[in-house]
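Trainee: I have a structure open and would like to go through it with you. Could we take the overall build, then the strands and helices?
Mentor: Certainly; please bring it up.

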Amino acid sequence: MTTITGSSVVDLRYPTSKQLDGSDAMNPDPDYSAAYLQLFTSDTDLTGHGFAFAIGRGNDIQAAAIEALAGRLIGRDVDGMCDDPAAVNRELLWDSQLRWFGPDKGIMHMAIGTIMTAVWDLRSRREQRPLWASLLALSPAEVVALVDWTYIGDYLDPGEARELLEQRLPDRASRVASLEAEGIAAYTTTPGWLGYDDDKLVRLCTEAVADGFATIKLKVGADSEEDRRRLALAREAVGPDINIAVDANQFWSVPDAILAIENLQEFDLRWVEEPTHPDDMVGHAEIARAVNPVPIATGEMLASPVMAKQLLQLDAISVLQIDATRMAGVHDLLATMLMAAHAGVDVIPHAGGVGLCEAVQHYAYFHAVALAPEPSRMEIEYVDHLHDQLRVPVRVDNGRYVLPSEPGAGTAFTPETVTEFSFPEGTEWATP
Ligand SMILES: [Mg+2]
């Protein structure tokens with residue numbers, strides 16, 4: 001019997017604020033961070049990896065929450081957990097004392113997500129498959145059984161969810177073949193950070209087109225006239241055939257969002273992301289109605305499937321941007337993708353940061369094969385930072401994500417990054 005013998009949780013922080021990488025209207029100086037969990041087993045060749053993403057201060061609190069949960073798993077049978085991950089998920093989500101901290105949101109929820117990611121990483125490694133293939137190996141009934149339907153079954157019945165999955169079964173082989181041949185389109189946020197000057201913006205826009213990207217995204221929000229000026233520069237640099245999306249990172253009130261989006265309408269926006277507070281479902285619906293047909297997008301800060309349900313019930317979004325570490329991992333994400341497919345909205349995952357591209361691509365591939373009404377409409381965010389800190393860095397070729405074949409969930413960091421970027425004792429931080 002293989003058992004969990006121990007765990008390690010480290011607070012990894014990268015000094016990205018020095019270059020203003022990742023700067024936007026709400027987050028002027030992020031230090032990309034990961035609270036990184038390794039679950040060790042009695043099989044020395046088998047370790048499970050998971051992480052939660054953050055942007056600096058407080059990552060130690062996230063790490064402590066993960067550590068508190070990981071301690072519970074010591075001594076457990078790996079087979080038992082991997083054969084029935086839904087039981088582990090339910091045990092953690094429905095812990096009556098821990099639930100006080102959410103329910104289903106915040107640091108404890110993200111800690112549960114980190115644990116569940118590590119459990120699925122173990123399962124995929126044992127199956128010698130990447131996570132996306134482990135998920136596709138499940139029957140529709142097995143996928144449906146992984147989801148906790150308590151709070152979302154009123155919107156999507158488990159029977160309907162199973163039918164959605166069954167409907168796509170005949171297309172699966174051709175969809176996998178197409179992913180193997182051409183992956184999924186990447187869109188790039190690299191040119192668009194607010195802290196970059198005009199020359200850097202134009203240069204990076206031009207490079208993005210040369211690199212094969214069909215969509216670029218600019219951060220907006222702090223200054224409406226400045227946003228118009230930067231969008232005009234970007235449009236001139238990329239030409240008329242490239243999609244431009246914008247991201248306000250929650251900066252606006254609901255009325256301000258409506259005015260600001262109307263002010264940017266002439267730029268033919270592919271979507272407007274996080275126009276206001278991520279919990280304001282009714283506000284998103286009001287904005288979407290007022291600026292129709294400009295597509296409204298959100299999701300990177302959606303704490304739970306319940307919130308996704310409400311956005312969809314209210315017709316508040318046309319793009320749902322799932323994030324690999326915000327919700328409680330695989331089970332929450334399956335629930336969310338099923339509801340998005342039911343609603344017919346585009347799933348365009350959030351990534352960037354550190355490790356998020358590597359992790360979220362697996363869910364995107366599952367969605368593209370098993371659920372998406374039109375997989376060709378899918379894109380995944382891509383930012384070219386810090387990929388070499390992961391053991392299996394994401395591969396993007398000519399503007400498209402390349403399907404990974406390595407076993408696991410894409411969540412393993414390199415041993416070197418742990419030595420260098422652990423906070424505050426790593427060599428990057430300890431050396432004056
Ligand atoms: Mg965003």
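**Helix, sheet and burial**

Mentor: Let us begin with helix α4 (residues 106-127), which lies across β2 and β3 and runs at about 150 degrees to β3. Please keep in mind that this is a predicted model.

Trainee: In what order do the strands of that open sheet come?
Mentor: The order is β1-β2-β3, three strands in all, with antiparallel pairing. β1 (4-13) and β3 (47-54) each have a single partner strand and stand at the edges, so one side of each is left without a neighbour in the sheet. On average, neighbouring strands here are turned by 15 degrees against each other, direction ignored.

Trainee: How many bridges hold β2 and β3 together?
Mentor: There are eight bridges between β2 (residues 33-41) and β3, in the antiparallel sense. One position to look at is Y36, whose bridge partner in β3 is F51.

Trainee: Stepping back, how many helices and strands does the protein have?
Mentor: It has 17 helices and 13 strands. The radius of gyration is 21 Å, close to the 22 Å that the globule rule gives for 432 residues, so the protein is as compact as a globular protein of that length. The C-alpha trace spans about 65 × 60 × 45 Å along the principal axes.

Trainee: What share of the residues is buried?
Mentor: Buried residues make up 53% of the 432. As for contacts with a separation of 6 or more, 76% of them join residues 24 or more positions apart.

Trainee: Now β4. Is that strand mostly covered or mostly open?
Mentor: β4 (residues 184-192) is mostly covered, as nine of its nine residues are buried.

Trainee: Which strands does β4 pair with?
Mentor: One of them is β13 (residues 400-401), joined to β4 by two bridges and running antiparallel to it. Four bridges join β4 to β11 (residues 379-382), and these two run parallel. With β5 (residues 215-219), β4 pairs in the parallel sense over two bridges.

Trainee: Which residues of β4 should I click on to see those pairings?
Mentor: For β13, take I184, whose bridge partner is Y401. For β11, A185 stands opposite E379. For β5, the bridge partner of T188 is I216.

Trainee: Back to helices. At what angle do α7 and α14 cross?
Mentor: The axes of α7 (residues 158-168) and α14 (residues 330-343) cross at roughly 75 degrees and come within 10 Å. That makes α7 roughly perpendicular to α14.

Trainee: Which residues meet there?
Mentor: From α7 there are E160, A161 and L164, which meet L338, A341 and H342 in α14. By class, the contact has four nonpolar residues, one polar and one charged.

Trainee: One last residue: where is P349?
Mentor: P349 is in the loop between β10 (346-347) and α15 (356-370).

Trainee: Is P349 buried or exposed?
Mentor: P349 is buried, because 28 other C-beta atoms lie within 10 Å, and 20 or more count as buried.

Trainee: What does P349 touch, leaving out residues up to four places away in sequence?
Mentor: P349 touches Q321, I322, V360, Y363, A364, I380 and E381. L169 is 180 residues from P349 along the chain, and their C-alpha atoms are separated by 23 Å.

Notes. Residues numbered from 1 in each chain as written. Predicted model: local features only at pLDDT ≥ 70, side-chain atom pairs only at ≥ 80, totals over all residues. Pairing = 2+ DSSP bridges. Axes fitted to C-alpha atoms, helices over the stretch in contact; angles between N-to-C directions. Contact = placed C-beta atoms within 7 Å. Parallel < 35°, antiparallel > 145°, perpendicular 65-115°, else oblique. Nonpolar A, V, L, I, M, F, W, Y, C, P; charged D, E, K, R; others polar. Rg over C-alpha atoms; globule rule 2.2 N^0.38 Å. Buried ≥ 20, exposed ≤ 12 C-beta atoms within 10 Å, placed from the backbone.
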